[in-house]
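User: I am new to this structure and would like to learn how to read its features. Could you guide me through them step by step?

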Amino acid sequence: MSDKQRQLFKTKVVPGKPGSGKLFEEELVTNNRPVECLGMTFENDEKRRKYFLEKLREKLKDPEFRKIEGFPIGEDEDILALSDPPYYTACPNPFIGDFIQQYGKPYDPNVPYSKEPFASDVSEGKNHPIYNAHSYHTKVPHKAIMRYILHYTEPGDVVFDGFCGTGMTGVAAQMCGDRATVESLGYQVKPEGTILRQEKDGNGKSVWVPFSILGIRRAVLNDLSPAATFIAYNYNTPVDVVAFERGAKRILKEFEKKTKWMWETIHSDGKTVGKINYVVWSEVYSCPECTSAVVYYKEAFRENNGKVVYTPEFKCPSCGSLCAKSPSRKLLAQKLERLFTTVNDDYLGEIVKKQKRVPILINYSIGTKRHEKELDNEDICIISKIGRISASNVIPTNRMPKGDEARRNDDEGITNTHHFYTERILASIVALTELVQGHSQLNFLIGSMLPKLTIMNRYMPQHGGRALVGPMANTLYVPPVSVENNVIDQLWFQFKKIVKALNSLKGSLISTQAVQQIHVPDNSADYSGVHRIYPAIRRASFSKKTEDDSF
């Protein structure tokens, strides 16, 4: 990313230019304040980043460094562009030793350490803005982790999480220095920083007992997944939230202006323009008896007394034979056969065969009122126009990896990553990516909304007002009836969530590799977090003095 792009969200208000008609305007400024990093002082943060990027670039030339297990598959320039060393590298982080030397405390066996096992029940909700900003598998709320860290550690201790996922351990370690957050756990915090929790004394009376001290803990985070560590970085890097919000809004408004035409439809009056909320798409099958085309949505979903009823087994509209996508053994329904269409895949540059899907319903808004309609000629023309937009190399087209789940949709022609999105969604993402130009927090925002944009999002009108049920959890299942959500709406929705989650936290270092080869010196970590299990390790190597706690 260029210097100008990095300054995108640094602005100040200045008098408007003569003739502009504006009293005030925003002007980009450079942050030239000195920064300290690993014991060194730099003129500004950009100088810090350039210095460590060159160090990382040199390290990437080392063949032995690239042999570390879990080294990501990628070009050096892509790794460097994604990284923000020393705090985050999209590869094994060579600065872990420097980080621990700077912030860790030497192990002294003469210093007594004794902690009873953490024996309290932990139950934390999943409605916090930080938790909801970006979805991820098996995510643990940061407040749940805080209880363990506060119990076993002191301010300034180093916490290690080798399977960090989205970096909630890093967030928790830093939030241990936030008085309001600690108090929200039900603890008391004295003015000098002593933290007390409620316990029962020998007589069964509730008393407040000191057990920890307010203050941030440093975190070393690692995960094998580059996607996970990128999310973790954005959760654990300081952001000027006000400046980000101002700059992001400029980008989002520009994106809306550029792509709004893709998400417009004409109302039934023939003149009023409505905003598309979502488009329903249906798979098309072939009747095994007469080979006629069967649009799944039109036959499997029928209105009955004002309600939509799902009938998985139905009669072919042409010949009347009983059909089903997945026939039950009880009835004599015949299994529908997939109907394929041959298309030119501009992203792959080749002809491919795919399961036929057709748009059959538009949900749109005029003001605050919602309407539904079948597609008209104008809607079809917009889809055709989008299909003629040239493919862009910013869209990943990787073949789905080997595996039963990863390639479960091969028989439908969904073989590559971009096949999980409609052409309208892909065109929108291309336009947005060009405007974002690699800005980390905006890429974080894009990534957070992608799950809502795939053809895995199910449409189940039999649930009435809850017809949009999202993807099937923990699978890559593509439903016969799916939803194409408005990217502009999803972007603004996620933007509001991201703004609430971003913060000024700092104090974590993030690495991307297999945990068994991570270079964390012995006797350096005060507490180690393992996926769903948090053993406390007090100034010892990872093979000694372990206390098991799980939640």
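**Reading the nonpolar core, the helices and the chain**

Analyst: In this predicted model, the largest nonpolar core has 96 residues, and Tyr235 and Phe244 are those with the most contacts inside it. Helix H14 supplies the largest share of this core, nine residues. A second, separate core holds 21 residues, including Tyr278, Phe314, Cys316 and Val481.

User: What is the general idea behind such a core?

Analyst: In soluble globular proteins, nonpolar side chains tend to be buried together. In the protein chain here, 46% of the 551 residues count as buried.

User: Which residues of helix H8 are buried?

Analyst: The buried residues of H8 are Met168, Thr169, Gly170, Val171, Ala172, Ala173, Gln174 and Met175. Helix H8, spanning residues 168-175, is thus described as mostly covered, with eight of its eight residues buried.

User: How should I read the packing of two helices?

Analyst: Two packed helices are described by the angle between their axes and the distance between the axes. In this model, helix H11 (residues 241-259) packs with helix H14 (residues 423-436) at an angle of about 140 degrees, and their axes are 10 Å apart. The crossing of H11 past H14 is right-handed.

User: Which residues of H11 and H14 meet?

Analyst: From H11, the residues are Ile251, Glu254, Phe255, Lys258 and Thr259; they meet Ser428, Ala431, Leu432, Glu434 and Leu435 of H14. Sorted by class, this contact of H11 with H14 comprises five nonpolar, two polar and three charged residues.

User: Where is Tyr107 found, and is Tyr107 buried or partly exposed?

Analyst: Tyr107 lies in the loop between helix H5 (96-103) and helix H6 (129-132). Tyr107 counts as partly exposed because its relative accessible area is 28%, and the range for that class runs from 20% to 50%.

User: How far apart are Tyr107 and Ser524 in sequence and in space?

Analyst: Tyr107 and Ser524 are separated by 417 residues in sequence, while their C-alpha atoms are 7.0 Å apart in space. For the protein chain, 65% of the contacts between residues at least 6 apart in sequence join residues at least 24 apart.

User: What describes the protein chain overall?

Analyst: The protein chain contains 16 helices and 29 strands. Taken along the principal axes, its C-alpha atoms fill a box of roughly 85 × 70 × 55 Å. The accessible surface of the chain comes to about 28200 Å², with 51% belonging to carbon and sulfur atoms.

Methods: Residues numbered from 1 in each chain as written. Predicted model: local features only at pLDDT ≥ 70, side-chain atom pairs only at ≥ 80, totals over all residues. Heavy atoms only, no water. Axes fitted to C-alpha atoms, helices over the stretch in contact; angles between N-to-C directions. Helix = DSSP H or I, 4+ residues; strand = E, 2+ residues; numbered from the N terminus. Left-handed = near helix turned anticlockwise from the far one by under 90°. Contact = heavy atoms within 4.5 Å. Nonpolar A, V, L, I, M, F, W, Y, C, P; charged D, E, K, R; others polar. Buried < 20%, exposed > 50% of the residue type's maximum accessible area, 1.4 Å probe, protein only. Areas by Shrake-Rupley, 256 points an atom, 1.4 Å probe, with all protein chains shown as cover. Core = buried A, V, L, I, M, F, W, Y, C linked by side-chain atoms within 4.5 Å.
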